[in-house]
Amino acid sequence: MLRGRINEADHNYPSPETGRSYAELVGGPLDGLLLDITGWRPEEIDDGVSLLTELGQFGPGGRALYDPRPGDPARWDWGGDSP
């Protein structure tokens with residue numbers, strides 16, 4: 001159901017846009033969503049992300065942790081949930 005949609009996108013425009021860079025979130029509560037990383041600096045990408053989600057272990061206000069996959073920066077793997 002969520003596959004290919006953009007994380008935190010406007011519900012009217014949930015699909016990828018030409019000219020933007022995305023990473024696919026793999027595993028965890030946001031599996032299949034795309035993260036818009038357009039304009040991110042390499043060190044921001046290396047740090048990974050902590051994304052708000054209501055779908056994780058900690059419910060509303062919880063976060064899902066994702067890091068770029070070594071050798072495949074277009075896919076970010078789930079590392080767990082955080083309160």
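This report describes the sheet, the salt bridges and one buried threonine of a predicted model.

## The sheet

The strands form an open sheet of 5 strands in the order 2-1-5-4-3, and the pairing is mixed. Strand 2 (34-36) and strand 3 (49-53) occupy the edges; each has a single partner strand, so one side of each is left without a neighbour in the sheet. On average, neighbouring strands of this sheet are turned by 35 degrees against each other, direction ignored. As background, strands of a sheet pair through backbone hydrogen bonds, in either a parallel or an antiparallel arrangement.

Both arrangements occur here. Strand 1 and strand 5 are parallel and are paired over 3 bridges. Within this pairing, leucine 25 has tryptophan 76 of strand 5 as its bridge partner. Strand 4 and strand 5, by contrast, run in the antiparallel sense, with 7 bridges between them. Leucine 65 faces glycine 80 of strand 5. These two strands, 4 and 5, also make a hairpin with 2 residues between them. Glycine 71 lies in the turn of that hairpin and has a positive phi of about 80 degrees.

At the other side of strand 4 (residues 62-69), 5 bridges connect it to strand 3, again in an antiparallel manner. Here leucine 52 is matched with arginine 63 in strand 4.

## Salt bridges

Side chains of opposite charge can pair when their charged atoms come close. The model contains 6 salt bridges, including the three listed below.

| Salt bridge | Closest N to O distance |
|---|---|
| arginine 75 and glutamate 24 | 3.3 Å |
| glutamate 43 and arginine 41 | 2.8 Å |
| glutamate 44 and arginine 41 | 3.7 Å |

What does the salt bridge between arginine 75 and glutamate 24 tie together? Arginine 75 belongs to strand 5 (residues 72-82) and glutamate 24 to strand 1 (residues 22-26), so the pair links parts that are 51 residues apart in sequence. Strands 1 and 5 are also paired in the sheet, in the parallel sense. Both side chains of this salt bridge belong to partly exposed residues: arginine 75 has a relative accessibility of 28%, and glutamate 24 has one of 22%.

Arginine 41 forms salt bridges with glutamate 43 and with glutamate 44. The three residues are likewise partly exposed, with a relative accessible area of 46% for arginine 41, 42% for glutamate 43 and 30% for glutamate 44. Elsewhere, salt bridges with shared partners join Glu24, Asp72 and Arg75 into one network.

## Threonine 53

Threonine 53 is part of strand 3, one of the edge strands of the sheet. Is this residue buried or exposed? Threonine 53 has a relative accessible area of 8% and is therefore buried, the cut-off for that class being under 20%.

Two kinds of contact describe its surroundings. The side chain of threonine 53 comes to 3.0 Å from the backbone nitrogen of leucine 55. Leaving aside residues up to four places away in sequence, threonine 53 touches Pro29, Leu30, Gly59, Pro60, Gly61, Gly62, Arg63 and Ala64. Among them, Arg63 is the bridge partner of leucine 52 in the pairing with strand 4.

Methods. Residues numbered from 1 in each chain as written. Predicted model: local features only at pLDDT ≥ 70, side-chain atom pairs only at ≥ 80, totals over all residues. Heavy atoms only, no water. Salt bridge = Lys/Arg side-chain N within 4 Å of Asp/Glu carboxyl O. Buried < 20%, exposed > 50% of the residue type's maximum accessible area, 1.4 Å probe, protein only. Pairing = 2+ DSSP bridges. Axes fitted to C-alpha atoms, helices over the stretch in contact; angles between N-to-C directions. Polar contact = N/O pair within 3.5 Å; in protein donor to acceptor, adjacent residues only side chain to side chain. Contact = heavy atoms within 4.5 Å.
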